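User: I'm new to this structure and would like to start with one small part of it. Could you pick a single spot, look at it closely, and then show me how it fits into the rest?

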Amino acid sequence: MKFDEVGVGHVCRRQRKSMIEGDKSPHPWLTRVRPLLSIVLHNKSSRVSVKASLIHPHFEYNSTSADPTNISQPKTILPNSSSGNLAPAFGSMGICGKRDGRSIAQLHSQIVKTGRSGDTFFVSKLSNLYAKYAPIEVARKVLLYGGQVVSWKNERREELLFMGSKAIRKPPKAIRGGIPICFPQFANFGSLEHHGFARNRLWSLDSSPSPLPPANQQSSVDLILQVYRRGSPKFELRLRISLSAGKLTLIPRVRNTDNKAFSFTFALRNYLSVSDISEVRVEGLETLDYFDNLLHRERYTEQADAITFDGEIDRVYLSTPTKIAIIDHEKKRTFVMRKEGMRDAVVWNPWDKKAKALSDLGDEDYKTMLCVDSAAVETPIGLKPFEEVEGPSRALCCIFKLF
Ligand SMILES: O=P(O)(O)OC[C@H]1O[C@H](O)[C@H](O)[C@@H](O)[C@@H]1O
């Protein structure tokens, strides 16, 4: 038996097919069925339970199994009692077989390794794009494509990350917004493609995540990008993303898996959502030296008390403090970025002309975005053969807090 596109409901598809083939008046509502599979971790040391839910305007189906390794028995879907006369019982569904080559038993061991007690895991409909098998709080906010965070909200459920109004969510381009990862090269500081290739590769869920303890009160997901290409550096880039309302933590780990030394430049390109770019100021970069990418990367010294914006900016501030504040006066909101292991900070806003030239950015989008990146650009990070940059002493880390 095969899983349906979202992991459950094999009969759904069969039923739909037979209705389309055999029934002169197919039930169009069947095509709107949205089955989803959630997996709840109750106790790290024991089993997880699997809950299959089928949600439809006219009925609901829920089934819970305490033993996810033994749930191959299809169950009958019954119409919800409040469903009126529209929803007939139409077959059965089960959670069985394999999904992406993984059995439920493999999924189970993955989840026990990475989850916290009480986490609900989610298998997304677009599971090849989103962080499938991740806690429900992060699953729809993190893309496997690019290992990119695309959403982070505050307690009032307001979005804090910018997403381009014309962003293209289709490979091979990186998505304009959220937090793309520039690795193993930032911009054109090296011979590789612009901003490296990590942002347009499909990452996976990490089955041997960082030994660092999971962040308190935050839901986390661990992703990995493994590169073993001939003729290119061989490495593993891991990223732990922990999210909660008002706090976002990103912990990258890089391992050289080659017998040659490997060095890289790096940036977490943080597209922050702001109310109006002309009302924003950035503090923490005053008196520092920077490379101006708009002026052939010449080195200047910042003269202003704080950075404010009235035109295009593209600068790499060097040897910055660990704390940088981005103050949005209109929204009465301050992002505080704290970073470790990445000495530099990039500030980028394309302004009107450049925005028009970027096909995935709306003409007015520049007004509501600001990139303040945690970066290692001036001095590449070097790794000996098989060496790893990891915590706590050499940790790379970027934490955003909202005030
Ligand atoms: O359009 P992207 O590839 O995302 O790059 C956006 C910008 O990033 C950097 O700050 C570069 O210095 C710019 O030259 C580039 O335009």
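Analyst: **A buried aspartate and its surroundings**

Let's begin with a pair of side chains: those of Asp373 and Arg269 are joined by a polar contact of 2.8 Å. (A polar contact is a pair of N or O atoms within 3.5 Å; within protein, one must be able to donate a hydrogen and the other to accept it, and residues adjacent in sequence count only if both atoms are side-chain atoms.) Bear in mind that this is a predicted model, where local features need pLDDT of at least 70 and side-chain atom pairs pLDDT 80 or more, while totals for chains, interfaces and linings use all residues. Numbering runs from 1 along each chain as its sequence is written, and side-chain values use heavy atoms, without hydrogens or water.

Where does Asp373 belong? Asp373 is part of strand β26, which covers residues 369-383. (Helices, H or I, are DSSP runs of at least four residues and strands, E, of at least two, numbered from the N terminus.) Asp373 counts as buried because its relative accessible area is 0%. (Buried means under 20%, exposed over 50% and partly exposed in between, with a 1.4 Å probe and protein chains only.)

Beyond neighbours within four places in sequence, Asp373 is in contact with Phe186, Ala267, Leu268, Arg269, Asn270, Met337, Asp344, Ala345 and Val346. (Contact means heavy atoms within 4.5 Å.)

Arg269 deserves a second look, as Arg269 is also one of the residues around the ligand. The others in that ring are Arg176, His194, His195, Arg199, Asn293, Asp314 and Trp348, each with a heavy atom within 4 Å of the ligand. Three of these side chains have an N or O atom paired with a ligand oxygen: the distance is 2.9 Å for Arg176, 3.1 Å for His194 and 2.7 Å for Asp314. The protein covers 82% of the 390 Å² of accessible area that the ligand has on its own.

Now let's step back to the whole chain. There are four helices and 28 strands, and 53% of the 403 residues count as buried. Among contacts between residues at least 6 apart in sequence, 61% join residues at least 24 apart.

Some loops carry unusual backbone details that you can find by eye. A cis peptide bond, with omega about 10°, links Pro171 to Pro172, and Pro172 lies in the loop between β11 (148-149) and β12 (181-182). Another cis bond joins Phe183 and Pro184, with omega about 0°; Pro184 is in the loop between β12 and β13 (204-205).

Two residues that are not glycines have a positive phi: His296, at about 50°, and Ser319, near 45°. His296 sits in the loop between β20 and β21 (298-301) and is exposed, since its relative accessible area is 73%. Ser319 is found between β22 (313-317) and β23 (323-328), also in a loop; at 38% relative accessibility, Ser319 is partly exposed.

One last stop is Gly284, in the loop between β19 (280-283) and β20 (289-292). Gly284 counts as buried because its relative accessibility is 15%. Leaving aside neighbours within four places in sequence, Gly284 is in contact with Pro321 and Lys323. From the C-alpha atom of Gly284 to that of Ala134, 150 residues away along the chain, the separation is 35 Å.

Conventions
Accessible areas come from the Shrake-Rupley method with a 1.4 Å probe; for residues, only the protein chains shown count as cover.
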